[in-house]
Amino acid sequence: MAQQPITEKQKEKAAKIHAKVLTIDTHADVPINMMKDGFDVAARHDFEEDGSQIDFPRMKDGGMDGMFFAVYLGQGRRTPEATAEAKEKALAIFDKIHTAVAANPVVAGIATTPKDAYDLQKQGKRAVFFGMENGWPVGNDLANLELFYDLGLRYITLSHSANNDICDSSTDPDGPEYNGLSPFGEKVVQEMNRLGIMVDISHVSDSTFYDVMKSTKAPAIASHSSCRALCDHPRNMTDDMIKALAKNGGVIQINFVPSFVKKPSQQQELSMTAIRLKMRQVDLSNDDKKALYEEMKAMREKYAGDMPTVAEGVDHIEHVIKLVGVDHVGIGMDGGGQLVGCRDVSEIGNITAELVRRGYSEKDIEKIWGGNIMRVLAATEKVAQSF
């Protein structure tokens with residue numbers, strides 16, 4: 001059955017709600033661009049020209065109040081030297097984000113608490129939180145967690161696409177190493193609880209997820225994962241996992257990257273993944289970047305008919321609501337999404353419009369966009385105070 005189009009009255013209602021509620025995206029990959037020469041997060045960029053999805057002007061255009069900027073490092077060798085280098089690279093990303101925010105005090109501010117986010121929203125500024133994608137820079141030293149916390153870090157995605165010293169990843173080509181958390185990983189979770197850093201289970205293996213549920217005293221998050229029942233990908237969460245996360249008091253932040261919303265054809269997945277990996281390199285020349293972007297554009301056009309829509313992204317939100325209620329779902333777009341109807345952060349109002357079209361209330365939408373993740377951050381702070 002074809003869905004009913006959104007009415008003008010619903011559009012007006014959605015715009016009012018969107019302007020009022022706190023909107024938080026828990027996974028923004030913009031630091032990858034920020035670490036490249038010539039990218040200014042305070043300048044307006046064009047998705048059609050460079051494929052970028054996030055900058056301060058477009059955050060304002062889209063009504064995006066806050067984002068967790070990802071301190072991301074793809075998993076490398078686990079030698080002492082490589083791990084030490086990963087830590088230094090992570091510190092450089094922290095520094096780059098702090099410098100960019102400090103240079104734009106009228107536009108943005110650093111946030112580490114829910115109060116910060118709401119205060120910055122009232123001032124009309126963008127709230128910049130810190131998340132770390134991949135616990136590799138922690139190395140084997142728990143003291144690094146406090147160092148990162150003091151720099152503003154408020155969640156760590158325990159692994160990325162390969163196993164590390166903390167846990168098994170959901171996508172390591174060699175399979176599991178510990179069948180969950182390593183003994184060191186259990187200590188990492190405990191120390192994150194003590195400090196007030198949210199434990200993020202996006203990217204981890206199913207067995208790691210269940211180990212975290214047993215180990216954590218605070219609610220956990222999935223900062224950018226969708227529902228496996230709707231898109232069978234190991235990065236997405238099963239219904240049983242979502243139920244366990246809800247029981248823990250946590251929240252799943254729905255990922256709006258196409259391949260986690262709707263299963264692509266095998267050829268499309270291989271082609272797009274290869275280009276994305278190349279684009280993540282930080283030493284690309286301007287000509288390289290332009291060529292890769294043109295390649296990505298051609299690939300998107302080739303598979304345009306297969307691209308999922310905002311409505312299909314919202315199907316994942318609705319699936320969670322039907323399963324465990326509206327208190328356990330949010331939005332972590334993983335860069336800026338790229339669904340039909342939401343190519344970058346300037347178009348996120350279309351998500352709110354779709355929620356309104358489906359009959360969700362302002363209270364529900366407030367929880368989905370920011371309330372739930374702020375509740376979990378506050379609960380994590382409370383657990384830390386109990387130590």
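**Exercise 1. In which loop does Asn-179 lie?**

Locate the residue, then describe its backbone and its exposure in this predicted model.

*Solution.*
Step 1. Asn-179 lies in the loop between β5 (153-157) and α8 (183-195).
Step 2. The phi angle of Asn-179 is near 60°, which is a positive value in a residue other than glycine.
Step 3. Most residues other than glycine have a negative phi.
Step 4. The relative accessible area of Asn-179 is 56%. Exposed means over 50%, so Asn-179 is exposed.

**Exercise 2. Is Asn-134 buried or exposed?**

Find the position of this residue in the chain, give its phi angle, and then classify its accessibility.

*Solution.*
Step 1. Asn-134 is found in the loop between β4 (126-133) and α7 (143-150).
Step 2. Phi of Asn-134 is near 100°, a positive value in a residue other than glycine.
Step 3. The relative accessibility of Asn-134 is 0%. Because buried means under 20% relative accessible area, Asn-134 counts as buried.

**Exercise 3. How do helices α9 and α10 pack, and which residues make the contact?**

Derive the relative orientation of the two helices, then analyse the contact by residue class.

*Solution.*
Step 1. Helix α9 spans residues 206-215 and helix α10 spans residues 239-247. They pack at an angle of about 20°, and their axes are 11 Å apart.
Step 2. Angles under 35 degrees count as roughly parallel; α9 and α10 are therefore roughly parallel to each other.
Step 3. The crossing in which α9 passes α10 is left-handed.
Step 4. On the α9 side, the contact is made by Asp-206, Phe-209, Tyr-210 and Met-213. On the α10 side, it is made by Asp-240, Met-241, Ala-244 and Leu-245.
Step 5. Sorted by class, the residues of the contact of α9 with α10 comprise 6 nonpolar, no polar and 2 charged.

**Exercise 4. What is the environment of Ile-242?**

State where the residue is placed, how accessible it is, and what it touches.

*Solution.*
Step 1. Ile-242 has its place in helix α10.
Step 2. Its relative accessible area is 1%, and Ile-242 is buried.
Step 3. Leaving aside neighbours within four places in sequence, Ile-242 is in contact with Cys-227, Met-237, Ile-252, Val-320, Leu-323 and Val-324.
Step 4. The C-alpha atoms of Ile-242 and Asn-140 are separated by 30 Å, and the two residues are 102 residues apart along the chain.

**Exercise 5. How many disulfides are there?**

Apply the distance criterion to Cys-227 and Cys-342, and state the accessibility of both residues.

*Solution.*
Step 1. A disulfide requires a pair of cysteine sulfur atoms within 2.5 Å.
Step 2. The cysteine sulfur closest to that of Cys-227 is in Cys-231, at 9.7 Å, too far for a bond. Cys-227 is buried, with a relative accessible area of 0%.
Step 3. Cys-342 is in no disulfide, as the nearest cysteine sulfur, that of Cys-231, is 17 Å away. Cys-342 is buried, with a relative accessible area of 0%.
Step 4. By this rule the count comes to 0 disulfides.

**Exercise 6. At what angle do α1 and α15 cross?**

Name the orientation and the handedness, then list the residues that meet.

*Solution.*
Step 1. The axes of helix α1 (residues 8-20) and helix α15 (residues 349-357) cross at roughly 120° and come within 9 Å.
Step 2. This angle makes α1 oblique to α15.
Step 3. In passing α15, α1 makes a right-handed crossing.
Step 4. From α1, the contact is made by Gln-10, Lys-13, Ala-14, Ile-17 and His-18; from α15, by Gly-349, Thr-352, Ala-353, Val-356 and Arg-357.
Step 5. By class, the contact of α1 with α15 has 4 nonpolar, 4 polar and 2 charged residues.

**Exercise 7. Which residues of α7 and α8 meet?**

Describe the geometry of the pair before naming the residues.

*Solution.*
Step 1. The packing angle of α7 and α8 is about 35°, with their axes 10 Å apart.
Step 2. α7 passes α8 in a right-handed crossing.
Step 3. Leu-145, Glu-146 and Tyr-149 in α7 meet Val-188, Glu-191, Met-192, Arg-194 and Leu-195 in α8.
Step 4. The residues of the contact of α7 with α8 divide into 5 nonpolar, no polar and 3 charged.

Methods: Residues are numbered from 1 along each chain as its sequence is written. This is a predicted model: local features need pLDDT of at least 70, side-chain atom pairs count only at pLDDT 80 or more; totals for chains, interfaces and linings use all residues. Side-chain values use heavy atoms; hydrogens and water are left out. Axes are lines fitted to C-alpha atoms, for helices over the stretch in contact, and angles run from 0 to 180 degrees between N-to-C directions. Helices (H or I, at least four residues) and strands (E, at least two) are DSSP runs, numbered from the N terminus. Angles under 35 degrees count as roughly parallel, over 145 as roughly antiparallel, 65 to 115 as roughly perpendicular and the rest as oblique. A crossing is left-handed if the near helix is turned anticlockwise from the far one by less than a right angle, and right-handed if clockwise. Contact means heavy atoms within 4.5 Å. Ala, Val, Leu, Ile, Met, Phe, Trp, Tyr, Cys and Pro count as nonpolar, Asp, Glu, Lys and Arg as charged, and the others, Gly among them, as polar. Buried means under 20% relative accessible area, exposed over 50%, partly exposed in between (1.4 Å probe, protein chains only).
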